[in-house]
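Student: Hi! Could you walk me through the inside and the surface of this one?
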Amino acid sequence: MDLAYRSSDLGPAAVSFWRYVSGLALLLLVRPAVRPSGKQPRLSHRLGTGLGLTVFQTAYFGAVQTTGVAVATIVTLGAGPVLIAVGARLVLGERLGVGGVASLAGALAGLSVLVLGDDTGTVRPLGMALALLSAAGYAVATLLTRWAGPDQDSFTTTLWAFGIGAAVLLPLAAAEGLLPHTADPVRVLVLLAYVAAVPTALAYPLYFAGAAAVRAATASVVMLLEPVSAAVIAVTVLDERLTPSTLTGALLLLAAVTTLTYAETRRP
């Protein structure tokens, strides 16, 4: 999506809207060949998951546009597991434990270093706020999926989430500008098609199925792969810079999630 931003004037709401619409179209196309994998999710679960994903995705794309791929992804996916661990303790009764408390402290330290230690303008406060808002939306969607249990039909959950997201985002996307103005429309269309097919229509049903079957904190820990890979791609492909303070804050965040990982692997 960062490449799409660089190739057009699309904004976060428009990007999220088209991602949901095209992802929904692809899922409806393959639906006749998909057998239901469980019972139909409740309406409250559908609405909550759809709204949570809408906030997660739109705020994340806004953070990417504001402060870059590396920082946006590290903050979103670094803060997400901690918020999920705390939420799982408060809502689902899952124990936070010493590892959870340590990861919370580490995450707060990492965020503080990212915000207070940056003197280059690389880490922008608005981008940080959007990334944290995105993490909160991600936590809500994950906790709702875990609360619903592993016997829910993840394909139907995804369909509803995409439909609700598209409906909510339509007025925002229209105000922002639905159609991109670009000198390379083919490139933008190819990028949007990839985003619709791979990290949307393919990835979300798989994620919901996995998140429903394991502990909420465990699901979030697996997502540690995303901020690490995003940071590598941002530096090697997108020519983004990681300043010493940014790198230190990122390492503290990732260390916090690693602590949570270790705590989770010791649980029965």
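We will go from the core to a surface patch and then to one threonine.

Tutor: Happy to! Keep in mind that this is a predicted model.

Student: Sure. How many residues are in the largest nonpolar core, and which have the most contacts inside it?
Tutor: That core holds 48 residues, and Met1 and Leu53 have the most contacts inside it.

Student: Which elements give two or more residues to it?
Tutor: Quite a list: helix 1 (2-7), helix 2 (12-30), helix 3 (43-67), helix 4 (69-92), helix 6 (125-148), helix 7 (154-176), helix 8 (185-213) and helix 10 (225-236).

Student: And what is Leu53 in contact with, leaving aside neighbours within four places in sequence?
Tutor: Its partners are Tyr20, Ala141, Ala161, Tyr204 and Phe208.

Student: What does the second, separate core include?
Tutor: It is a set of seven residues, among them Ala231, Ala250, Leu253 and Ala256.

Student: Switching to the surface: which residues make the nonpolar patch?
Tutor: Leu26, Leu29, Val30 and Val34 make it, and the patch covers about 320 Å². Leu26 sits in helix 2.

Student: Why does Leu26 count as partly exposed?
Tutor: Because its relative accessibility is 32%, and partly exposed lies between the 20% and 50% cut-offs.

Student: Now Thr158. Is it buried or exposed?
Tutor: Thr158 is buried, because its relative accessible area is 0%, and buried means under 20%. You'll find Thr158 in helix 7.

Student: What does Thr158 touch, not counting residues up to four places away in sequence?
Tutor: Thr158 touches Leu27, Tyr204, Pro205 and Phe208. You met Tyr204 and Phe208 above as contacts of Leu53.

Note on methods
Residues numbered from 1 in each chain as written. Predicted model: local features only at pLDDT ≥ 70, side-chain atom pairs only at ≥ 80, totals over all residues. Heavy atoms only, no water. Core = buried A, V, L, I, M, F, W, Y, C linked by side-chain atoms within 4.5 Å. Buried < 20%, exposed > 50% of the residue type's maximum accessible area, 1.4 Å probe, protein only. Helix = DSSP H or I, 4+ residues; strand = E, 2+ residues; numbered from the N terminus. Contact = heavy atoms within 4.5 Å. Patch = residues over 30% accessible without salt bridge, like charges linked within 9 Å, V, L, I, M, F, W, Y side chains within 5 Å. Areas by Shrake-Rupley, 256 points an atom, 1.4 Å probe, with all protein chains shown as cover. Salt bridge = Lys/Arg side-chain N within 4 Å of Asp/Glu carboxyl O.
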